[in-house]
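Q: Please give a close account of the chain's backbone and of the sheets in this model, in terms that a first-year student can follow. A connected description would be preferred to a list.

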Amino acid sequence: MTNSNSFNNASHNEEDPDTRNIIKSREFMYRLIISQLFYDGHQQLGQSLAQTVLAEPACSPSDRLFKIVLAGLEHEPERKDRPKNIAIGNNQIGPGLDLEFETDSSTIAPEPALYETAYVTSHKGNCRAGCFSNDGQLIATGSVDASIKILDVDRMLAKSAPDELDPSRAVEQQGHPVIRTLYDHMEEVTCLEFHPKEPILCSGSKDHSIKLFDISKPSVKKAFKTISECEPVKCFSFHPSGDHLLVATHHPIIRLYDVNTLQCFVCPFSNQQHTQMVTSLKWSLDAKIFASCSKDGAIKLWDGVSNRCINTFAKAHDGFDICSVMFSRNGKYLLSAGKNSICKLWELSTSRCLIAYTGAGTTGKQEYEAQAVFNHSEDYVLFPDEATTSLCAWNSRNASRKQLMSLGHNGAVRLIAHSPTQAAFLTCSDDFRARFWYRRTPTL
């Protein structure tokens, strides 16, 4: 809490009646909190808060706040109005992050430090790209050697623990976990994403091209469709329908492609674009907006229909490059990571940073970009620490640090992606390897 919320700093001369009501309501709320702290014997905390918000006149001890809370709880929305668990396949993965109901939340997912390496695959060059399919059954990895591998998750699990394999599925899980190896790029594969509805893998490369592969055909090694760009491709994101693709290259202007016709659209207002290279793009699940971040230190929100910028968070990470953005499932929040080794959770309705996840080992500016991601239930925020090659994890709701875990790589971790459906994640590294991590259910 800062002096920006102080009573004496508030503009009581504001002409807008709604603004005056908000200011008065905040003053009343803070006075209730201070009075309750005094009443409960927390004089030091109450005095500190009173000094911070410049409460005048001084507050007296009172338990009025407690009584108001009791009365309010009697009129709380029924459970049917609250976030529900989301089912993907046979998995219940929780309601996701919603701080409005955080007092009711309970962490149901295993802590990331409990995951174990279930499979390791190697490329002939640095491994810097990777992703999960929407159903969590496939992963793809890409390398500086221009190759792409597609791996079957169940086969990786069967390889690492064959005794746990369900006998009824044993036949279908026989075989090598790498089910496709694709060679159609001339230079480093920089980004990968599965189509949200079709058996298609999209890849981007430093060779200035984006390629679409039909992965339903085992014999196919080449793309069935190619988008040619004039700059190296940095990142992209599929529209939830799969009909459009957002693309960022080393040029700061964001492109929107029609996947079927390959027609390209850009925002017509050049002053709304980033001023340096875009490092990450993500659609919200309802496709109403998309987010971008850049080396220019800004996060931008864009209207999903008009393709125009609707909000900008300038110097979102104190002027440092921003490496990644990711929406929460309900679209209320945006998770970002900066090169200052800090992850932030933004409330989109108020354009505020609600939580800063701090304490990663790297001090000063990172050398490489690193992504902050939610786990599948959004109970945790995961971030690879560059200095120690370890996994940092925080409780997403209160930013409490969880146990640090070594990622076992001999080079910088250049990508982390978590499964959307289960306790599993992927790390890709400059040691040429990609590691698949999984939390096995303990057997009794």
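A: N307 lies in the loop between β18 (299–303) and β19 (309–313). The model is a predicted one, and in it N307 has a positive phi of about 65° although it is not a glycine. As a general rule, most residues other than glycine have a negative phi, and most peptide bonds are trans. N307 counts as buried, because its relative accessible area is 9% and the limit for that term is under 20%.

A second residue with a positive phi is H208, which is likewise not a glycine; its phi is near 70°. H208 belongs to the loop between β9 (200–205) and β10 (209–214). Its relative accessible area is 30%, so H208 is described as partly exposed.

The backbone also contains a cis peptide bond, which leads from E56 to P57 and has an omega near -5°. P57 is placed in the loop between α2 (43–52) and α3 (64–73).

A further loop residue is A109, found between β2 (91–92) and β3 (116–122). A109 is buried, because its relative accessible area is 9%, a value under the 20% limit. What does A109 contact, once its neighbours within four places in sequence are left aside? The partners are N375, H376, S377, D379 and Y380. The C-alpha atoms of A109 and E378 are separated by 8.7 Å, and the two residues are 269 residues apart along the chain.

The loop that holds A109 ends at β3, and this strand leads to the first of two sheets to be described here. β3 belongs to an open sheet of four strands, in the order β3-β30-β29-β28, with antiparallel pairing. β3 and β28 (413–418) are its edge strands, and each of them pairs on one side only. On average, neighbouring strands of this sheet are turned by 20° against each other, with direction ignored.

Within this sheet, β29 (residues 424–429) and β30 (residues 433–438) run antiparallel and are joined by five bridges. At one position, C428 stands opposite A434 in β30. Helix α4 (residues 153–160) lies across β3 and β30, and its direction is at about 110° to that of β3.

The other sheet is also open and has four strands, in the order β4-β5-β6-β7, with antiparallel pairing. Its edges are β4 (127–132) and β7 (178–183); each has a single partner strand, so one side of each is left without a neighbour in the sheet. The twist from one strand to the next averages 15°.

Five bridges connect β5 (residues 138–143) with β6 (residues 147–152), and these two strands run antiparallel. I139 has L151 in β6 as its bridge partner. Helix α4 packs on this sheet, where it touches β5, β6 and β7, and its direction makes about 70° with that of β6.

Helix α4 therefore links the two descriptions: it lies across β3 and β30 in one sheet, and it touches β5, β6 and β7 in the other, where β4 and β7 stand at the edges, so one side of each is left without a neighbour in the sheet.

Technical notes. Residues numbered from 1 in each chain as written. Predicted model: local features only at pLDDT ≥ 70, side-chain atom pairs only at ≥ 80, totals over all residues. Heavy atoms only, no water. Buried < 20%, exposed > 50% of the residue type's maximum accessible area, 1.4 Å probe, protein only. Contact = heavy atoms within 4.5 Å. Pairing = 2+ DSSP bridges. Axes fitted to C-alpha atoms, helices over the stretch in contact; angles between N-to-C directions.
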